Amino acid sequence: MSRYDKINATPRPGATSLPDFARILIVEDQRFDRVRLQRLISELEFETDVREAEHLADLARLMGEAQFDLVLLDYSLPDGNGLQGLDAIRLDPKNRNAAVIMVTGNEQAEIAIEAMKRGCSDYITKDDLTREAFRRATINALQKSNLSIGIEAQDLKRQQFDAVLQRFSSECAGEIKPVVSRMMRQLRDLRDATELTTDN
């Protein structure tokens, strides 16, 4: 089951480096924990749209419907685990750059390490889900994601520019070469004529 909610958070004075808006997906099978995460999200200083999923199957369906800025991903789910969910997010064309925070019920260092290796933005246990810890993790995750998207966009522009130059050189080099050669000859002739005039 999943549902759509819209939460309007009131901006706090002095808040810096915050997004204006974030689309957030909660993937959590326990209703109590979903409500808790909703409450923490409502206390953020920016506007959010929130959707909920209880299973990995819901996650896959919702990713097909929308692009998310942040996914709060529970590790223990009825039809798999958070690492499988993380892999699905990273393979999804629309959501592969989404910030992902893995949420788990207990401290498991090996899960945290594996999640970070697979591209998770952060990892937090449910016992550590204080308002300040959640806010910090959320903002850091969104900033990392935006930086990654910016770098990817620059790489794409560079590749496109290189492709245009390559196409230009392959298609136009033969036509331009005679023109450039003629211009160079004319410049040499002009220089020689100027030197002759100066010598006389």
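Me: What is the volume of the largest pocket?
Reply: In this predicted model, the largest pocket has a volume of about 210 Å³.

Me: Which residues are the closest to its centre?
Reply: The lining of the largest pocket comprises 16 residues, and Q67, F68, D69, S145 and I149 are the closest to the centre.

Me: And which elements give two or more residues to that lining?
Reply: Strand β2 (21–27) and helix α5 each give two or more residues to the lining of the largest pocket. The largest share, four residues, comes from α5.

Me: Where does α5 run in the sequence?
Reply: Helix α5 covers residues 131–199, and I176 is found within this helix.

Me: Is I176 part of something on the surface, and if so, what patch does it form with other residues?
Reply: I176 belongs to a nonpolar surface patch, together with F168, V180, M184, L187 and L190. The accessible area of these residues together is about 550 Å².

Me: How accessible is I176, as a relative area?
Reply: The relative accessible area of I176 is 34%, and the residue is partly exposed. Patch membership requires over 30% relative accessible area, so I176 passes that cut-off with its 34%.

Me: Let me step back to the fold. How many helices and strands are there?
Reply: The chain contains five helices and eight strands. Read from the N terminus, the order of elements is β-β-α-β-α-β-β-β-α-β-α-β-α.

Me: What share of the contacts joins residues at least 24 apart?
Reply: The share is 72%, taken among contacts in the chain between residues at least 6 apart in sequence.

Me: What about burial and the exposed area?
Reply: The chain has 200 residues, of which 36% count as buried. The chain exposes about 12100 Å², and carbon and sulfur atoms supply 53% of that area.

Me: Changing topic: how many salt bridges does the structure hold?
Reply: The structure holds 14 salt bridges. One of the pairs is E43 with R131, where the closest N and O atoms are 3.6 Å apart.

Me: What does the pair of E43 and R131 tie together?
Reply: E43 lies in the loop between α1 (31–42) and β3 (47–53), whereas R131 lies in helix α5, so the salt bridge ties together parts that are 88 residues apart in sequence.

Me: Are those two buried or partly exposed?
Reply: E43 counts as partly exposed, at 28% relative accessibility. R131 also counts as partly exposed, at 47%.

Me: Which salt bridge does R135 form, and where do the partners lie?
Reply: R135 meets E132 in a salt bridge, with an N to O distance of 3.9 Å. Both residues lie in helix α5, three residues apart, which is about one turn of the helix.

Me: How accessible are E132 and R135?
Reply: E132 has a relative accessible area of 44% and is partly exposed. R135 counts as partly exposed as well, at 22% relative accessibility. Buried means under 20%, so R135 at 22% does not count as buried.

Me: What is the N to O distance for E114 and R118?
Reply: The side chains of E114 and R118 meet in a salt bridge at 2.9 Å, N to O. E114 is partly exposed, with a relative accessible area of 27%, and R118 is partly exposed, with 30%.

Me: Last one: which residues are linked in a network of salt bridges?
Reply: Such a network links E28, D33, D74 and K126.

Conventions. Residues numbered from 1 in each chain as written. Predicted model: local features only at pLDDT ≥ 70, side-chain atom pairs only at ≥ 80, totals over all residues. Heavy atoms only, no water. Patch = residues over 30% accessible without salt bridge, like charges linked within 9 Å, V, L, I, M, F, W, Y side chains within 5 Å. Areas by Shrake-Rupley, 256 points an atom, 1.4 Å probe, with all protein chains shown as cover. Salt bridge = Lys/Arg side-chain N within 4 Å of Asp/Glu carboxyl O. Buried < 20%, exposed > 50% of the residue type's maximum accessible area, 1.4 Å probe, protein only. Contact = heavy atoms within 4.5 Å. 1 Å grid on protein atoms, 1.4 Å probe; cavity = no way out; pocket = protein on both sides within 12 Å on 5 of 7 lines; lining within 4 Å. Points joined across faces, edges and corners; volume = space filled by probe spheres on them.
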